[in-house]
Amino acid sequence: MIDRWTAVRGMTTGPVVTYGAIGMCCLLFVVGPVSGLNPSYGTGEALLTAQAVHFERWGVIPSELTGGSPRALLTPLTALFVHGSWLHLLGNMLFLHVFGAMVEERMGHAEFALFYLGCGYLALLAYAAANAESDHTLVGASGAISGVLGAFLCLFPRRRVTSLYPFLFFLPLRFPAWIVLVFWFVLQWLAEAQSSSTGPGVAYLAHLVGFGIGFLYAWGRFRQAARVKPPAAATEGEGQP
């Protein structure tokens, strides 16, 4: 298996869907009220009001989605391109950059685009169904990106990735993808169990659902094909999401 960048260069047009999603998320964030960079939204209370309206307009509100509102049916798609903070945006985009290109290269542009949107939509829909009475707004591409991680685990389980672990003083360590991603999944599972008793917060359930859908789709779609066997060289990695 060639390294990630060689694989990307082998594509006719590169990972255009991955980079397109990253570019759109970044652009919408910068020009929106959450970044604080657009002076048209004002400052202080005016800015906070604009941010609240922004989230309510484009984010998922479970009580509205499960209530059958026609407008709300589109919000699981629009919410994928809205983020709540700089840290939220940069963390998600870094993960998509690291893992998205190889999955897109394997699936092809059109299939990857539908896969990405489908994972994100279903992950947010599942979260809304599990929290049907909630009026808390949910935004972010985490459900879709979790689907990409699940597909990566299925398609490239032995691919080595470099990750940073806070509890190991952020030392860059190289492990096969299956170790990194299974560890990530377990963390999400434990965090979801904890959040169930502490109230709304990060939508860990959407992460788990997206990851499961991504893994199962890749397994069903490519189970007849031989899995790619990677060399010892490590790909670019990052810290835990």
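Ten aromatic pairs are present in the structure, which is a predicted model. A pair of aromatic rings is characterised by the distance between the centres and the angle between the planes. For Phe29 and Trp86, the ring centres lie 4.9 Å apart and the planes meet at 75°. Because an angle over 60 degrees counts as edge-to-face, the pair formed by Phe29 and Trp86 is assigned to that class. This contact joins distant parts of the chain, with Phe29 located in helix α2 (residues 16–31) and Trp86 in helix α6 (residues 86–107), at a separation of 57 residues. The two partners fall into separate accessibility classes: Phe29 has a relative accessibility of 4% and is therefore buried, whereas Trp86, at 38%, is partly exposed.

A tilted arrangement is found for Phe112 and Phe115, whose ring centres are 6.3 Å apart and whose planes are inclined at 35°. The centre distance falls within the 6.5 Å limit for a pair, and tilted is the class for angles that are neither under 30 degrees nor over 60. Phe112 and Phe115 both belong to helix α7 (residues 109–130), where a spacing of three residues places about one helical turn between them. Phe112 is buried, with a relative accessibility of 1%, and Phe115 is likewise buried, at 5%.

Aromatic residues also occur in a cluster, which is made up of Phe95, Phe99, Phe152 and Phe156. In addition, arginine side chains are positioned over aromatic rings. Arg106 lies over the face of Phe222, at a distance of 5.2 Å from the ring centre. The ring of Trp219 has the charged end of Arg223 over it, 5.4 Å from the centre of that ring.

Salt bridges were sought across the whole structure, and two were found. One of them connects the side chains of Arg71 and Glu64, with an N to O distance of 3.3 Å. Both participants are partly exposed: the relative accessible area of Arg71 is 41%, and the relative accessibility of Glu64 is 33%.

A salt bridge is also formed by the side chains of Glu111 and Arg221, with an N to O distance of 2.8 Å. This pair links distant parts of the chain, since Glu111 is situated in helix α7 and Arg221 in helix α10 (residues 204–222), 110 residues apart. Glu111 has a relative accessible area of 17% and is therefore classed as buried, the threshold for this class being under 20%. Arg221, by contrast, is partly exposed at a relative accessibility of 44%.

The cysteines were examined as well. A disulfide is a covalent bond joining the sulfur atoms of two cysteines. The structure contains zero disulfides. For Cys25, the closest cysteine sulfur belongs to Cys26 and is 6.9 Å away, which is too far for a bond; the cut-off for a disulfide is 2.5 Å. Cys25 is buried, with a relative accessibility of 0%. Cys154 is also buried, its relative accessibility being 4%.

Terms used
Residues are numbered from 1 along each chain as its sequence is written. This is a predicted model: local features need pLDDT of at least 70, side-chain atom pairs count only at pLDDT 80 or more; totals for chains, interfaces and linings use all residues. Side-chain values use heavy atoms; hydrogens and water are left out. Rings of Phe, Tyr and Trp (its six-membered ring) pair if their centres lie within 6.5 Å; planes under 30 degrees apart count as stacked, over 60 as edge-to-face and the rest as tilted. Helices (H or I, at least four residues) and strands (E, at least two) are DSSP runs, numbered from the N terminus. Buried means under 20% relative accessible area, exposed over 50%, partly exposed in between (1.4 Å probe, protein chains only). A charge sits over a ring if NZ of Lys or CZ of Arg is within 6 Å of the ring centre and within 35 degrees of the ring normal. A salt bridge is a side-chain nitrogen of Lys or Arg within 4 Å of a carboxyl oxygen of Asp or Glu.
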